[in-house]
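Biologist: Hey, got a minute to walk me through this model? I'd like to start with how the strands connect.

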Amino acid sequence: MKKGFLILLFPLSVFAQQIKTKAVLAGVTVYNNGAQLNHVGKVNLPSGTSEIVINNISGRINENSIQVGVSSGVTILSVQFNKDFLNTDDANPEIKKLNDSVKRVSAELTKTKNAKIIEEQTLVLLDENRKSGGTNNGTNVAELIKLAEYYRNKSAEVRTAISVLALTEEKQNQRLSALQQQIAELRNNPNQQLGQLVLQLLTKEGTEAAYNISYVTPAANWLASYDIKAESTAKPLDIIYKAAITQSTGLDWKKVKLSLSTGNPNYNITAPNLNPWFVSTYQQQIRIRGIALSTIKEEKSLDEVMMVGYGKAKQQNLTASASTINNYTSVNESQLGVTFNIDIPYDINSDNKPHTVSFKEYAVPAKYKYYAAPKLSSDAYLLADVTNWEKLNLQAGNANIVFEGTYTGKSYINPANILDTLSLSMGRDKKIIITKEKQEDFSSTKFIGANKKQLYTYLIKVRNTKKEPIDLSLKDQYPLSTESDIEIELLESSGAEVNKETGMLSWQLKIAPNETKTIKLSYAVKAPKNKIIAGL
């Protein structure tokens, strides 16, 4: 098949024979921001020039991305994209349902109007009979009374019926108006509109031609999410890779094969040019009346327990778990991204709601350990360290954590912030008891000349009530000074690994069952006694 890439918007020939056809959506490649839709179809072409109207196209597309391919022997003269408001009603199930309701309410309204007309004519007939009966000679009093009684009863009955029918007619008109307004809103909603392609083709002889169409739409995307499960610390992690697909192309995707790509069709492909780089001086901030603007240095906090990046580690093999979904998913890597091709047909409606698809599963070796930061939390967190994680082709997304068959909470995976090791928090373990208490007997304040010296002492106790030994990474910190006349000295750290630039203290502990380990932390702060130190 030969390819054409034409977008010509001049009017089509009025002499071309118009043929209508419906394209079949064969496959969709969904990007993080956008999607490419691929359609196929066949059409019988007479000799000469033909105008082919292809329906079942998305109403929200990038017209510059349209590509059309036809069978050999057929020449593409022009391609034009139009909005298709007529077929939108047929393709949208909600509009179909509303149109059926309009037909039903309209039929009921017609019956009500007819019944009302009959009752009104009956009332006119009664009035005419009353007048004619009153003019007849020889009508006695008894007959007149009987006639008046009949007219009164029948007239009241008819007028009541007319009143009830009028109220019913009003309600049916209101219902019909509401339905028509709802249909109008759906028709005007760009997320529900279909499109059509009008092709002008030329062929020397009649033939059945095959065609294929592809285009990019901005009205679709996918977001990654994960289910991470572990039966115990002795078994690998099961990582289930999922995608939440959202689309509002106006076209329901029925039984289509999906491909999920980490690339982006909207990247700017223009090569950048460097411009001259100029530097200049600026006025340094000065202190006015003792007030100056200070720069705050941003530090990492101790509560980074959901995901942590570590240094070099021994590489481990990653294997796909024995799962049926892996048999239907292939992975293609290119310089522009990774594509997951799913060989299972899916239905994704154009409702702008997320549709979750599981497409890949892995059984990943992991090294388990515990982490605690008693300054922020008295709980110990079980971490699963995964190396060689880049082979998983992960995207940023939320992760549901299930450990030993129990849902323990949510985490977040962001590959951009991970180094050599992906560390996932599997939950809190209440069988590890951690306390941090200030030792008042070993904490004091002394005045030395114009300065005061404050001593702070803490005891951190960790007890393992589990039946097996544990490895625990414990972290704490001591304060740092930002002013020259404030001096801080670390007096006792119980053998911690000390980072003097950040004030972070780290201990790697091995704790036996029912064992308690105690760590002593002590530091002194020396400052002018007329200063109030903030942050202690």
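Modeller: Sure. This is a predicted model, and a good place to begin is the hairpin that joins β3 to β4 through 2 residues.

Biologist: In which sense do β3 and β4 pair, and over how many bridges?

Modeller: Strand β3 (residues 24–31) and strand β4 (residues 34–45) run antiparallel, with 7 bridges between them. To find a spot on screen, look at Leu25, which stands opposite His39 in β4.

Biologist: Which other strand pairs with β4?

Modeller: Strand β9 (residues 207–217) does, also in the antiparallel sense, over 11 bridges. There, Asn44 faces Glu208 in β9.

Biologist: What holds strands together in general?

Modeller: Strands of a sheet pair through backbone hydrogen bonds, and they can be parallel or antiparallel.

Biologist: OK, what about the sheet with β2 in it, which strands form it and in what order?

Modeller: That one is an open sheet of 4 strands, ordered β2-β5-β8-β7, with mixed pairing. β2 (17–22) and β7 (74–84) are at the edges; each has a single partner strand, so one side of each has no neighbour in the sheet. From one strand to the next, the twist averages 25°.

Biologist: How many bridges link β7 and β8?

Modeller: There are 10, between β7 and strand β8 (residues 194–203), and the pairing is antiparallel. One pair to look for is Val79 with its bridge partner in β8, Leu199.

Biologist: Staying in β7, what's Lys83 in contact with?

Modeller: Lys83 is found in strand β7. Skipping neighbours within four places in sequence, Lys83 is in contact with Gly59, Gln193, Leu194 and Gly195. A polar atom of the Lys83 side chain lies 2.4 Å from the backbone oxygen of Gly59.

Biologist: Why does Lys83 count as partly exposed?

Modeller: Because its relative accessible area is 37%, and partly exposed covers the range between under 20% for buried and over 50% for exposed.

Biologist: And Ser65, where does that one sit?

Modeller: Ser65 is in strand β6 (residues 62–70). Ser65 has a relative accessible area of 14%, so it counts as buried. A polar atom of its side chain lies 2.8 Å from the backbone nitrogen of Val216.

Biologist: Changing topic: which residues touch the most other members of the largest nonpolar core?

Modeller: Ile228, Leu237, Ile245 and Trp253, in a core of 92 residues. Strand β10 (residues 220–230) gives the most to this core, with 6 residues. There's another core apart from it, with 9 residues, including Ile95 and Leu176.

Biologist: What does Trp253 touch?

Modeller: Beyond four places in sequence, the contacts of Trp253 include Leu25, Val28, Leu37, Ile245 and Tyr346.

Biologist: Now the whole chain: how many helices and strands are there?

Modeller: The protein chain has 3 helices and 30 strands. Of its 536 residues, 41% count as buried. Among contacts between residues at least 6 apart in sequence, 79% join residues at least 24 apart.

Biologist: Last thing, where does pLDDT stay under 50?

Modeller: One stretch is residues 1–14, and another is residues 281–323. The model does have 73 contacts beyond four places in sequence for residues 281–323. Still, where pLDDT is low, the predicted coordinates should not be read in detail.

Biologist: And what's the mean pLDDT for the protein chain?

Modeller: The mean is 81, and 82% of residues reach 70 or more.

Notes
Residues are numbered from 1 along each chain as its sequence is written. This is a predicted model: local features need pLDDT of at least 70, side-chain atom pairs count only at pLDDT 80 or more; totals for chains, interfaces and linings use all residues. Side-chain values use heavy atoms; hydrogens and water are left out. A nonpolar core is a set of buried Ala, Val, Leu, Ile, Met, Phe, Trp, Tyr and Cys residues joined through side-chain atoms within 4.5 Å. Buried means under 20% relative accessible area, exposed over 50%, partly exposed in between (1.4 Å probe, protein chains only). Contact means heavy atoms within 4.5 Å. pLDDT is the predictor's confidence in each residue, from 0 to 100. A polar contact is a pair of N or O atoms within 3.5 Å; within protein, one must be able to donate a hydrogen and the other to accept it, and residues adjacent in sequence count only if both atoms are side-chain atoms. Two strands pair if DSSP finds at least two bridges between them. Axes are lines fitted to C-alpha atoms, for helices over the stretch in contact, and angles run from 0 to 180 degrees between N-to-C directions.
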